[in-house]
Amino acid sequence: MKVSTSLTPGDQLPVLLERIERREKSERSRAVLYSLLPVALTVVLLGYTASSVRNAQKQVDALKTEAATYTTQIDTLKKNAETYKTQSQSLQGDTENYKNQVTELQAQLAEAQKALSEAVNLSRAVRTIDYVNAKELASRFPGSESLLLDVLDLRQRRIKWKLGGQSPQEGFDSPSFAMYILRQKRASGIEVRPESLSEASRSLYDKLPPTTQPRTGDLVFYPAGYAMFYFADPREGPFVLGMTPFGIAALKSDFAKPVGYRQVQWR
């Protein structure tokens with residue numbers, strides 16, 4: 001600002017004082033502004049920092065929640081893994097059981113097929129025998145009537161085939177049936193307790209004396225394990241009588257090649 005040169009020194013003093021005062025105010029304002037600026041910046045920084053901390057805390061909380069969710073999922077997966085492992089072990093056990101059952105069923109099927117095949121072969125060799133035949137044979141071979149009638153009586157009772165069977169109620173296989181008849185008829189040299197019938201029948205071949213010329217009432221042994229009573233019949237040919245898979249039956253003696261003959265001493 002220019003000062004008029006026409007002013008006297010006395011007039012210039014108030015002007016100078018006013019200028020000095022304005023400058024002091026300006027300086028004080030500048031000083032206050034400069035002193036407030038750091039405070040403002042500090043407040044702004046503190047606000048930003050607080051906001052950042054809050055945001056960070058939210059993120060941490062979110063991460064904790066997510067981590068807890070993952071932990072729960074991991075625990076669930078572990079439990080599922082244990083469950084699947086247990087189920088897998090159970091399935092493996094079931095698989096082994098099924099394999100064993102299949103093996104057993106295959107063995108039973110093979111045995112049934114074998115029995116069926118034998119039954120078919122045996123059915124071709126069946127010989128008709130009844131009470132009339134028994135009396136006719138008894139007239140030719142005295143002593144055979146009692147044996148024939150006992151066996152025919154058991155056949156009429158429909159005694160069934162059963163491996164290892166030991167009684168008419170339970171059934172018999174071929175050797176145990178022969179042993180049962182021998183015991184009932186009190187054949188010589190056959191001493192067997194009822195509870196050991198099955199065991200004794202398995203050694204029947206070794207207990208009786210061998211013969212190459214079988215007579216009526218002797219035993220004929222065949223490869224399939226059959227032990228059948230031999231009957232001579234000069235008119236229709238010899239036949240054997242005993243237990244078969246389809247019940248008590250009379251068969252032609254040559255239905256299979258005999259393993260051997262054993263002599264029975266009837267009392």
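Me: I see a helix packed against some strands here. Which strands does H4 lie across, and at what angle does H4 run to E4?

Reply: Helix H4 lies across E3, strand E4 (227-231), E5 and E6, and H4 runs at about 55° to E4. Keep in mind as we go that this is a predicted model.

Me: Thanks! Could we step back to the whole chain? How many helices and strands does the protein have?

Reply: There are six helices and seven strands. Reading from the N terminus, the order of elements is α-β-α-α-α-α-α-β-β-β-β-β-β.

Me: How do I read the way strands come together in a sheet?

Reply: The general idea is that strands of a sheet pair through backbone hydrogen bonds, either parallel or antiparallel. In this structure, seven strands make an open sheet with antiparallel pairing, in the order E1-E6-E5-E4-E3-E7-E2. E1 and strand E2 (210-211) are the edge strands, each with a single partner strand, so one side of each has no neighbour in the sheet.

Me: Let me try one strand. With which strands does E6 pair, and over how many bridges?

Reply: Strand E1 (residues 126-127) pairs with E6 in the antiparallel sense over two bridges. Strand E5 (residues 239-244) also pairs with E6 in the antiparallel sense, over six bridges. To find these pairings in the model, look for Arg127, whose bridge partner in E6 is Ala250, and for Gly242, which stands opposite Ala249 in E6. E5 and E6 also form a hairpin, with two residues between them.

Me: And is strand E6 mostly covered or mostly open?

Reply: Strand E6 (residues 247-252) is mostly covered, since five of its six residues are buried. For the protein as a whole, buried residues make up 28% of the 267 residues.

Me: How many bridges join E3 to E7?

Reply: Strand E3 (residues 219-221) and strand E7 (residues 260-262) run antiparallel and are joined by three bridges. Leu219 is a handy marker there, standing opposite Arg262 in E7.

Me: Back to the helix we started with. Is Tyr180 buried or exposed?

Reply: A residue counts as buried under 20% relative accessible area. Tyr180 has a relative accessible area of 11%, so this residue is buried. You will find Tyr180 in helix H4 (residues 174-184). Tyr180 and Pro168 are 12 residues apart in sequence, and their C-alpha atoms are 9.1 Å apart in space.

Me: What about the surface? Which residues form a nonpolar patch?

Reply: Leu13, Leu16, Leu17 and Ile20 form that patch, with about 370 Å² of accessible area together. Take Leu16 as an example: this residue belongs to helix H1 (residues 9-123) and is partly exposed, at a relative accessible area of 41%. Over the whole protein, about 18100 Å² is exposed, and carbon and sulfur atoms supply 56% of it.

Me: One last feature, please: the backbone angle phi. What is unusual about the phi of Arg158?

Reply: Most residues other than glycine have a negative phi. Arg158 has a positive one, near 60°. This arginine sits in the loop between helix H3 (144-156) and H4. Arg158 is exposed, with a relative accessible area of 74%.

Me: And how far apart in sequence are the residues that touch?

Reply: Counting contacts between residues at least 6 apart in sequence, 55% join residues at least 24 apart.

Note on methods
Residues numbered from 1 in each chain as written. Predicted model: local features only at pLDDT ≥ 70, side-chain atom pairs only at ≥ 80, totals over all residues. Heavy atoms only, no water. Helix = DSSP H or I, 4+ residues; strand = E, 2+ residues; numbered from the N terminus. Buried < 20%, exposed > 50% of the residue type's maximum accessible area, 1.4 Å probe, protein only. Patch = residues over 30% accessible without salt bridge, like charges linked within 9 Å, V, L, I, M, F, W, Y side chains within 5 Å. Areas by Shrake-Rupley, 256 points an atom, 1.4 Å probe, with all protein chains shown as cover. Salt bridge = Lys/Arg side-chain N within 4 Å of Asp/Glu carboxyl O. Contact = heavy atoms within 4.5 Å. Pairing = 2+ DSSP bridges. Axes fitted to C-alpha atoms, helices over the stretch in contact; angles between N-to-C directions.
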